[in-house]
Amino acid sequence: MISISDKADCCGCQACFEACPAHCISMTADNEGFRYPGVDISSCIDCGLCEKVCPLLHSQVADKPLACFAASSGDISTRLQSSSGGIFSLLAQSVIDRKGVVFGARFDESFSVIHAYTESMDCLSPFRGSKYVQSDLYGAYSQVQAFLREKRTVLFSGTPCQIAGLRGFLRGAEDENLLLVSVVCHGVPSPRVWKDYLASITQGTVPTDVNMRNKDQGWNNFRINVRHDSLLIHDKPHGEDPYMNAFLSNLTLRPACYACRFKGAPGSDLTLGDYWGVENIHPDLSDDQGTSLILVHSEKGRQFLLNLDLELTESRYEDAQKGNPCLEHSAPMPENRARFWKSYSRHGVRTLEDFTRARWTPGRLLAGVRNRIRRMI
């Protein structure tokens with residue numbers, strides 16, 4: 001029976017919840033907004049399946065990638081809608097062309113972040129772009145399993161711990177039709193803080209679009225946009241946005257993220273992220289529209305990648321890792337994290353500015369944020 005005594009021992013992948021045959025596990029949010037499993041002991045049949053699928057109860061072996069590339073989609077429209085170079089969209093196109101299914105994170109009607117799927121390129125747009133919130137995976141693993149049993153090709157994109165959760169749920173069953181694509185992850189922020197912050201922005205207005213990586217002013221200077229119909233009701237550079245500052249200061253991350261056990265993306269076929277620092281390594285690829293970092297972990301991933309209509313620039317992993325230290329290193333826990341959450345329980349979103357104002361003073365803002373942004377998801 002799954003039991004969480006230390007919150008650092010739960011990444012929130014929800015594999016135990018989905019695997020339970022007795023449906024006696026529920027996922028309940030704590031005061032920070034992160035979901036943890038709870039067991040109805042009276043309904044538990046003591047099958048032990050929840051422990052068998054939990055990725056944190058089993059060792060994860062990380063290896064250096066087989067290959068490392070920098071690349072960007074040749075479609076500028078796709079790149080501008082994407083966080084980095086648009087490679088996710090190219091992979092999705094390849095899978096959908098095979099009558100397959102693509103899973104990833106998107107906003108729901110209330111702009112909470114959920115994992116869902118699409119079978120059509122016409123519906124792919126909501127899955128593009130980073131969402132700096134831990135997603136709710138409710139039902140996703142079971143849906144993946146059902147599609148695989150139909151012999152359909154499935155692309156599942158998520159954080160490394162979500163990839164590990166899916167592999168645990170499938171209980172190690174390898175499937176040639178499943179492509180696992182992890183994202184370079186700095187850590188997952190609190191759904192509660194995101195919900196509260198969005199409510200403070202909208203003031204009762206229902207948003208029609210949220211873009212956490214708007215690149216109208218460049219990839220390096222992206223902005224956080226919230227719209228209601230055609231009206232732009234929130235538009236801030238990422239370095240001036242309290243929500244992003246709290247995230248980059250590591251104040252709102254899940255406890256498990258401070259000692260992440262999934263560095264090196266164990267079990268993924270490919271890893272996608274921003275190639276931060278590309279201007280120093282491959283200056284000919286640096287046009288401030290977004291360049292993707294692609295890490296290959298398996299031969300399956302390599303074959304999917306090579307079948308794309310994509311020009312790849314081979315790169316050294318050591319060079320790429322310099323701009324993305326979170327590939328191997330967990331975000332450090334801030335000394336004032338407990339104080340932050342104590343204040344948040346009393347003052348809500350006002351705490352975001354109170355705790356990040358000193359860190360992002362005008363004299364340090366540009367250089368500080370530029371360095372920190374290279375370590376995020």
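Two strands pair if DSSP finds at least two bridges between them. With that in mind, select strand E11 and strand E12 (residues 292-296), which run antiparallel and are joined by five bridges. Within this pair, glycine 273 stands opposite leucine 293 in E12. The model on screen is a predicted one.

**Confidence**

Colour the chain by pLDDT. The average is 92, and 95% of the residues score at least 70. Then select residues 358-370, where the pLDDT is below 50. Beyond near neighbours in sequence, that stretch has 19 contacts in the model.

**The eight-stranded sheet**

Go back to E11 and widen the selection to the sheet around it. This is an open sheet of eight strands with mixed pairing, in the order E5-E4-E6-E7-E11-E12-E3-E13. Which strands stand at the edges? They are E5 and strand E13 (313-314); each has a single partner strand, so one side of each is left without a neighbour in the sheet.

Start from the E5 edge and step along the order. E4 and E5 run antiparallel and are joined by six bridges. Select phenylalanine 103 to see tyrosine 117 of E5 standing opposite.

Next, take strand E4 (residues 101-107) together with E6: these two pair in the parallel sense over three bridges. Valine 102 has leucine 155, in E6, as its bridge partner.

Now show E6 alone. Five of its five residues are buried. Val154, Phe156 and Gly158 point one way from the strand, while Leu155 and Ser157 point the other way. In a regular strand the side chains alternate between the two faces of the sheet.

On the other side of the step, E6 and E7 pair in the parallel sense over five bridges. Glycine 158 stands opposite serine 182 in E7. To get from E6 to E7 the chain passes through H6, and this β-α-β crossover is right-handed.

The step after that is from E7 to E11, which run parallel and are joined by three bridges. Here valine 183 stands opposite leucine 272 in E11. Strand E11 (residues 270-274) is mostly covered, with five of its five residues buried.

**Helix H6**

Select residues 160-169, the helix of the crossover. Is H6 mostly covered or mostly exposed? H6 is mostly covered, as nine of its 10 residues are buried. Among the buried residues are Pro160, Cys161, Ile163, Leu166 and Phe169.

To see what lies over them, add the surrounding elements. The cover of the buried residues includes three helices, H1 (15-19), H2 (49-53) and H5 (140-149). It also includes the strands E5 (113-118), E6 (154-158) and E7 (178-183). Following H6, select arginine 171, whose phi is positive, near 55°.

**The three-stranded sheet**

Move to another open sheet, formed by three strands in the order E8-E9-E10 with antiparallel pairing. Strand E8 (209-214) and strand E10 (231-237) stand at its edges, each with a single partner strand, so one side of each is left without a neighbour in the sheet. From one strand to the next the twist averages 10°.

Zoom in on E8 and strand E9 (residues 223-228), which pair in the antiparallel sense over four bridges. Valine 226 of E9 is the bridge partner of valine 210. Then add helix H7 (residues 191-202), which packs on this sheet and touches E8, E9 and E10. The direction of H7 makes about 125° with that of E10.

**Cysteines**

Select the cysteines. How many disulfides does the structure hold? It holds zero. Cysteine 13 is in no disulfide; the nearest cysteine sulfur is that of cysteine 11, 4.2 Å away. At 7% relative accessibility, cysteine 13 counts as buried, because buried means under 20% relative accessible area.

Cysteine 44 is in no disulfide either, and the nearest cysteine sulfur, that of cysteine 24, is 4.6 Å away. Cysteine 44 is partly exposed, with a relative accessible area of 26%.

**Last stop: methionine 244**

Finish in helix H8 (residues 242-248), where methionine 244 has its place. Methionine 244 is buried, with a relative accessible area of 1%. Draw a line from its C-alpha atom to that of cysteine 123: the two residues are 121 residues apart along the chain, and these atoms are separated by 27 Å.

Key: Residues are numbered from 1 along each chain as its sequence is written. This is a predicted model: local features need pLDDT of at least 70, side-chain atom pairs count only at pLDDT 80 or more; totals for chains, interfaces and linings use all residues. Side-chain values use heavy atoms; hydrogens and water are left out. Buried means under 20% relative accessible area, exposed over 50%, partly exposed in between (1.4 Å probe, protein chains only). Contact means heavy atoms within 4.5 Å. Axes are lines fitted to C-alpha atoms, for helices over the stretch in contact, and angles run from 0 to 180 degrees between N-to-C directions. A crossover is right-handed if, with the strands pointing away from the viewer, the path from the first strand over the helix to the second runs clockwise. pLDDT is the predictor's confidence in each residue, from 0 to 100. A disulfide is a pair of cysteine sulfur atoms within 2.5 Å.
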